[in-house]
Amino acid sequence: MTSAGTSPTSDTSAGAPRPGGPGRLAGRTVSRIGYGAMQLERLHGDRKAGVALLRRAIELGVDHIDTAQFYGDGFVNDLIREAIHPQDQVVVVSKVGAEPDQGGPLPLRLAQRPEQLRASVEANLAGLGLEQIPVVNLRRTDTGPGLRAEGDQVVDVDDQLAVLTGLRDEGKIGAIGLSSVTYDVLRRALPAGIVCVQNAYSLVTRADEEVLRLCAAEGIAWVPYFPLGGAFAGMPKVTDEPAVLAAARSLARTPSQIGLAWLLRHAENVLLIPGTSDTGHLGENLAAGSITFDETTLAALDAVPSRTAEIPLG
């Protein structure tokens, strides 16, 4: 793992072609398709398989891994610490704003207060075995599916950014990102030097086009979570769309690959972090970067209606 250095534009440090081509994140060249590590929690009983999957991702060109200390209550970060080495030149992105809540109604509870954010960064540093986390995303609750802040968890973004910029000045964070934010919150946060935004966004949930355009104008990477929708009951699924199914049949690809490929085609600043605990599915996700659409197919996909991703959980 690393927080500095450069990689060749066309290939990763492992000599692999970049899935989806090259993109930019926090001043680094990275593959446009990376890996979201949350589903590694499923391999809690098979640590060897988890390490092998991460090593396979590196071999296939992944050099951008998204994680959090609260994934598996530290298990996922521990796997990354074992599997990823400095010479891999991987940009590890973690997030703060929540913490495990074992025995609670949901597996997570919010941790939005400034002192909680600092403690979470320190926990990520220890779990990953790093002196500096290349990018830390502040996971807010302004928009998208998921928990909503209440009581002392309602914290102004300026107070949160003050802590994160302080940690950046201390060298513990390389760069700052945001997650689940509105256009207005992102606009307010720009002076802090935001390098990426993670919002719920897919072919079927495109309410954040204005946020995406602002990111593109400011050179900020757009890293959609739930890129295929359908994460919670009531959310639309990309893989249910007739236009997606038709494109998949025509191109002999899976519907999931079509949904990922559309995101890459939709905006140049898109970086993807699809997750899986299966090496075969990992290869399919990365292969989505090679898909191209003719004008008719792309027009049919663009015409898919957008629906809401607002599914509050608390």
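**Close-up views of the predicted model**

**View 1. K95 stands opposite N137 of β8.** K95 belongs to strand β5 (residues 91-96), and β5 pairs with strand β8 (residues 135-139) in the parallel sense through 4 bridges. Strands pair if DSSP finds at least two bridges between them; strands (E, at least two residues) and helices (H or I, at least four) are DSSP runs numbered from the N terminus. The model is predicted, so local features need pLDDT of at least 70 and side-chain atom pairs count only at pLDDT 80 or more, while totals for chains, interfaces and linings use all residues. Residues are numbered from 1 along each chain as its sequence is written, and side-chain values use heavy atoms, leaving out hydrogens and water.

**View 2. An open sheet of 7 strands, with parallel pairing, is crossed by a helix.** The order of the strands is β3-β4-β5-β8-β9-β10-β11. At its edges are β3 (35-36) and β11 (221-222), each of which pairs on one side only. Helix α4 (residues 157-169) lies across four strands: β5, β8, β9 (176-179) and β10 (194-198). The helix runs at about 150° to β9, an angle between N-to-C directions of axes fitted to C-alpha atoms, for helices over the stretch in contact, on a scale from 0 to 180 degrees.

**View 3. I65 is one of the residues that touch the most other members of the largest nonpolar core.** This core has 79 residues, and Y35, L40, L54, V121, L186 and I194 share that role with I65. A core is a set of buried Ala, Val, Leu, Ile, Met, Phe, Trp, Tyr and Cys residues joined through side-chain atoms within 4.5 Å. Helix α8 (residues 255-266) supplies the largest share of the core, 6 residues. A separate core has 12 residues, including L25, C196, V223 and L271. Leaving aside neighbours within four places in sequence, I65 is in contact (heavy atoms within 4.5 Å) with Y35, A37, L54, I80, I84, V90, V91, V92 and V93.

**View 4. Helices α8 and α10 pack at an angle of about 95°.** Helix α10 covers residues 295-302, and the axes of α8 and α10 are 11 Å apart. The two helices are therefore roughly perpendicular to each other, the term for 65 to 115 degrees. Where they meet, α8 contributes I258, W262 and R265, and α10 contributes L298, L301 and D302.

**View 5. T254 sits in the loop between α7 (242-251) and α8.** T254 counts as partly exposed because its relative accessibility is 25%; buried is under 20%, exposed over 50% and partly exposed in between (1.4 Å probe, protein chains only). Not counting residues up to four places away in sequence, T254 touches A248 and E284. From T254 to G230 there are 24 residues in sequence and 16 Å in space, C-alpha to C-alpha.

**View 6. Strands β1 and β2 form a hairpin with 2 residues between them.** In the turn, A26 has a positive phi of about 55°. The two strands pair in the antiparallel sense over 4 bridges, and R24 stands opposite T29 in β2. From β2 (residues 28-31), R28 and V30 point one way, T29 and S31 the other way, and all are buried.

**View 7. T12 lies in the segment before β1 (22-25).** T12 counts as buried because its relative accessibility is 5%. Not counting residues up to four places away in sequence, T12 touches R18, S31, G61 and D63.

Conventions:
Angles under 35 degrees count as roughly parallel, over 145 as roughly antiparallel, 65 to 115 as roughly perpendicular and the rest as oblique.
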